Protein chains: 2
Amino acid sequence: MNEAFSIGSTATGPLYKAVQHEIVKSLMQGEWKPGEAIPSEVRLAKRYQVSIGTLRKAIDDMVTANILIRHQGRGTFVATHNHTRQLYHFFHIVGTDGIKRYPDIELKSFIRGRASTHVSRSLMVSRNAEIFRIVNVVTLSGAPIAVDEITLPRGLFPGLTRGIVQQRDTTMYGLYQTRYAINVVHTQERLRARGAPVRSAALLGLSEHDPILEIERTACTYNEQPVEFRVSHVNTRNHDYLNDLM
Amino acid sequence: MNEAFSIGSTATGPLYKAVQHEIVKSLMQGEWKPGEAIPSEVRLAKRYQVSIGTLRKAIDDMVTANILIRHQGRGTFVATHNHTRQLYHFFHIVGTDGIKRYPDIELKSFIRGRASTHVSRSLMVSRNAEIFRIVNVVTLSGAPIAVDEITLPRGLFPGLTRGIVQQRDTTMYGLYQTRYAINVVHTQERLRARGAPVRSAALLGLSEHDPILEIERTACTYNEQPVEFRVSHVNTRNHDYLNDLM
DNA sequence: AAGTGGTCTAGACCACCAT
DNA sequence: TGGTGGTCTAGACCACTTA
């Protein structure tokens with residue numbers, strides 16, 4: 001990478017968008033890793049040959065998208081999927097009291113398989129593509145609250161094993177991030193109420209057909225590329241799914 | 001209102017925040033009404049005695065909050081709750097095909113009453129405060145999809161009648177906006193699956209205890225002041241609740 | 001004290017829209 | 001053509017963190 005790299009003369013849109021694209025490129029190539037600080041604003045402004053204002057505007061968007069985090073006096077950091085911070089906001093389940101507690105995750109199964117039609121559409125892979133299927137049980141203060149069935153394209157997660165998933169000390173998204181440099185920055189969810197399917201009911205201690213909340217989530221990385229498909233079955237008897245909108 | 005109004009010398013935080021506060025004040029006082037353009041950026045910059053950059057920064061936040069809308073070459077406008085645009089994104093129900101259609105609303109009941117404990121907490125009014133209670137049935141392409149039970153503090157909506165609600169030609173939020181100058185800019189929702197309560201089941205053509213999606217929503221205006229509490233019961237057999245997160 | 005991000009200025013020019 | 005928002009610059013100074 002050229003330290004004095006001039007962009008924008010290609011003239012395809014605003015300069016700060018081009019800068020943004022360069023920064024995303026560096027993130028994808030792992031030049032700056034999650035948790036690390038990226039170079040200071042003045043340094044980056046010099047590197048891309050733009051003014052400090054333009055550079056800041058490029059970063060602004062990525063900060064609101066929770067990809068970068070600014071700390072006054074310290075620097076600008078690549079967001080992590082730590083338990084305690086930031087992108088962890090993809091977890092929405094709270095107790096009826098409204099307080100967010102952090103869940104415990106127990107791995108129930110880990111298998112190799114092929115993508116169903118439904119899954120393949122969401123992951124934008126071909127039908128019968130090779131996938132991993134992971135089932136987790138989510139418990140909050142001792143009680144099982146949700147069952148997550150996670151589907152990952154094997155191509156994006158080479159060498160993933162049951163042991164790796166089991167021994168991780170972060171969230172799943174933290175695992176994608178640290179081990180595969182895959183950064184989940186966007187999710188799309190579809191929610192519906194339905195009767196509990198047998199397997200989930202059993203794991204949650206419910207009767208079949210008890211009402212549960214089903215959440216289908218597609219998680220995407222930088223260029224809207226899907227990296228995970230997840231179906232969650234949530235027992236909302238004592239918990240709610242919280243959604244803040246502006 | 002002083003045309004050359006200097007702010008910020010009070011020195012309580014960033015200048016652009018103070019400007020923002022002034023703009024919100026003008027919005028609340030109805031100086032600029034929904035759908036209208038606010039004065040141009042240069043004009044506002046002069047009025048508040050700040051640079052154009054600072055003025056733009058003040059507006060930036062309000063644009064991302066969907067309170068103002070910029071149109072290059074035309075001006076900056078106060079957002080409206082029109083069917084076709086903008087703040088209508090508080091409606092999340094889509095068909096299983098993922099396409100968003102606009103619902104028809106039928107008023108089922110309109111009564112005066114007193115706030116329950118639960119409602120009073122959400123609306124931040126005293127227990128037994130005077131309220132309106134409105135029940136709507138939402139239909140999508142002919143089929144009843146949801147029942148909305150809306151609670152409004154009577155103090156904020158003086159003179160509201162069944163007829164006014166029935167004859168409106170906008171959404172409820174459009175009504176609040178045009179008739180009471182109340183702008184809903186933020187909602188907080190809690191979702192859960194449960195068995196359909198008798199009344200909703202009847203209106204939706206379901207059996208009692210069929211699984212439905214229950215949504216409790218508190219809608220707020222500018223200073224996080226709650227203005228509406230709403231419980232929706234949604235039949236998610238053929239429809240989903242869509243949620244995009246970044 | 002040195003380095004970082006946060007605010008603010010006073011311009012310039014461009015892209016778009018109405019007339 | 002004139003007015004609007006959109007981009008971009010090249011600085012200045014402030015607030016905060018770390019050493």
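In this predicted model, a phosphate oxygen of DNA strand C sits 2.8 Å from an N or O atom in the side chain of B:Lys57. That makes a handy starting point for a look at how the two protein chains meet the two DNA strands.

**Around DNA strand C**

B:Lys57 is one of the nearest of the 20 residues around DNA strand C, along with A:Glu41, A:Arg70, B:Leu15 and B:Thr54. Of the strand C atoms that come within 4 Å of the protein, 82% belong to sugar and phosphate. Which elements give two or more residues to the surface near DNA strand C? Chain A offers α2 (41-48), β2 (68-71) and β3 (75-78), while chain B offers α1 (15-28) and α3 (52-64). Sorted by class, this surface has 10 polar, 6 charged and 4 nonpolar residues.

**Around DNA strand D**

For DNA strand D, the surrounding residues number 21, and the closest are A:Leu15, A:Thr54, A:Lys57, A:Arg74 and B:Arg70. Sugar or phosphate makes up 83% of the strand D atoms within 4 Å of the protein, and bases make up the rest. Here α1 (15-28) and α3 (52-64) come from chain A, whereas α2, β2 (68-71) and β3 (75-78) come from chain B, each giving two or more residues to the surface. The classes are 10 polar, 7 charged and 4 nonpolar residues.

Here are some phosphate contacts to look up in the structure:

| Protein atom | DNA strand | Distance to a phosphate oxygen |
|---|---|---|
| A:Arg70, polar side-chain atom | C | 3.1 Å |
| A:Thr76, side-chain N or O | C | 3.2 Å |
| A:Thr54, polar side-chain atom | D | 2.4 Å |
| B:Glu41, backbone N or O | D | 2.8 Å |
| B:Arg43, side-chain N or O | D | 3.0 Å |

**Two helices of chain B**

Now to the packing of α2 (residues 41-48) against α3 in chain B. Their axes lie 9 Å apart and cross at an angle of about 105°, so α2(B) is roughly perpendicular to α3(B). From α2(B), the contact uses B:Glu41, B:Val42, B:Leu44, B:Ala45 and B:Tyr48; α3(B) answers with B:Ile52, B:Leu55, B:Arg56 and B:Ile59. This contact has 7 nonpolar and 2 charged residues, with no polar ones.

**Where the chains meet**

How many residues does each chain bring to the contact between chain B and chain A? Chain B brings 33 residues, and chain A brings 33 residues. Together they bury about 2700 Å², with carbon and sulfur atoms giving 47% of that area. On the chain B side, B:Arg190, B:Leu245 and B:Met246 supply 25% of the area buried against chain A, more than any other three residues.

Definitions and conventions:
Residues numbered from 1 in each chain as written. Chains lettered and ligands numbered in written order. Predicted model: local features only at pLDDT ≥ 70, side-chain atom pairs only at ≥ 80, totals over all residues. Heavy atoms only, no water. Near = heavy atom within 4 Å. Polar contact = N/O pair within 3.5 Å; in protein donor to acceptor, adjacent residues only side chain to side chain. Helix = DSSP H or I, 4+ residues; strand = E, 2+ residues; numbered from the N terminus. Nonpolar A, V, L, I, M, F, W, Y, C, P; charged D, E, K, R; others polar. Axes fitted to C-alpha atoms, helices over the stretch in contact; angles between N-to-C directions. Parallel < 35°, antiparallel > 145°, perpendicular 65-115°, else oblique. Contact = heavy atoms within 4.5 Å. Buried area = accessible area lost by both parts, 1.4 Å probe.
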